[in-house]
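Open the model in a viewer and keep the selection panel at hand. The tour goes from the whole chain to a few backbone details.

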Amino acid sequence: MLYYLLAIPAILVTIWIFFLSPALSLWWLLPIAFGCFVAANLLFALFMLVLSLLVDMRKENKKINRFYYTVTLLFDDWILAICRVKIHTTGLEKLPPEGEFLLVSNHRSNFDPLVTWWALRDRSLAFVSKPENLYKIVFGRCTHKCCFLAIDRENPRNALKTINTAAELMRNHECSFAIYPEGTRSKSGQLLEFRNGAFKAAKKANVPIVVATIEGTEQIAHRTPWRATDVYLTILDVVDAETVKANPTHDLGERIHAQMYAQLGQ
């Protein structure tokens, strides 16, 4: 949406230039408009870069900064538009109408969080991700202000601290969370074994688990910018909070893994 809206100031500036220069040939209007459009996009990228550099990565955030949340979502949409990603969603009506939840999904690409975050943009969703993702310039640093959390999967004690923080934020009704129980991207597309500790956040927060699958994101990097990519986000099931609380994480993992496996045709 924003990517295309930036064409409006580009057109207005072009019209302004045309009226200031009546001798200007009409043949120049198209390249001028294109140049203004490119300049508008570069200014937005520069604006986001400056915002990201202002983020104090050492500060722990217990609340979503709504300004950063809004502009970073716009940046997310901008990236998806540039990459010509078309998102198709199924099963959104299954989402809990209110309250927080833990969303779990398969993981195929670095675009997975961008697609999921935009598709569920009205649900105050944050992600648990590996530390280096949150230090990536612009998007990573800005999401730190949106309660995105880094998890150290090689250190169980530190990983548990992250899970506890996510559970606390959900209990305090600050945001829902998304996590990839595979623990890493599947380069083959095959569903990997789960790290069932991911489900502890839902148990500790007493919230339901939303089971989802995502397909097509692994093609984005190969097709951009020449071809559009269709991406499919499917909400398969919602495991209610009572069921989450009553079952060990291993059993939850087996149930959810089987659902994803069947949906992905594996």
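Start with the whole chain, which is a predicted model. Of the 266 residues in the protein chain, 50% are buried.

Switch to a cartoon view. The protein chain has 12 helices and 7 strands. Along the principal axes, its C-alpha atoms fill a box of roughly 75 × 40 × 35 Å. Among contacts in the protein chain with a separation of 6 or more, 74% join residues 24 or more positions apart.

Next, show the surface. The protein chain exposes about 13900 Å², and carbon and sulfur atoms supply 60% of that area. Then colour by charge: there are 29 positive and 24 negative charges, and their mean positions lie 6 Å apart.

Now turn to the backbone. Most residues other than glycine have a negative phi, and most peptide bonds are trans. The next three stops depart from this pattern.

Select R84, in the loop between α4 (66-82) and β1 (85-90). R84 is not a glycine, yet its phi is positive, about 60°. Is its side of the loop buried or exposed? R84 is partly exposed, with a relative accessible area of 37%.

Move on to N206, in the loop that runs between α9 (200-205) and β6 (209-215). N206 also has a positive phi, about 55°, without being a glycine. Its relative accessibility is 43%, so N206 counts as partly exposed.

Finish by selecting T224 and P225. The peptide bond from T224 to P225 is cis, with omega near 0°. P225 sits in the loop between α10 (220-223) and β7 (229-239).

Methods. Residues numbered from 1 in each chain as written. Predicted model: local features only at pLDDT ≥ 70, side-chain atom pairs only at ≥ 80, totals over all residues. Heavy atoms only, no water. Helix = DSSP H or I, 4+ residues; strand = E, 2+ residues; numbered from the N terminus. Buried < 20%, exposed > 50% of the residue type's maximum accessible area, 1.4 Å probe, protein only. Contact = heavy atoms within 4.5 Å. Areas by Shrake-Rupley, 256 points an atom, 1.4 Å probe, with all protein chains shown as cover. Lys, Arg positive; Asp, Glu negative; His and termini not counted. Charge placed at Lys NZ, Arg CZ, Asp CG, Glu CD.
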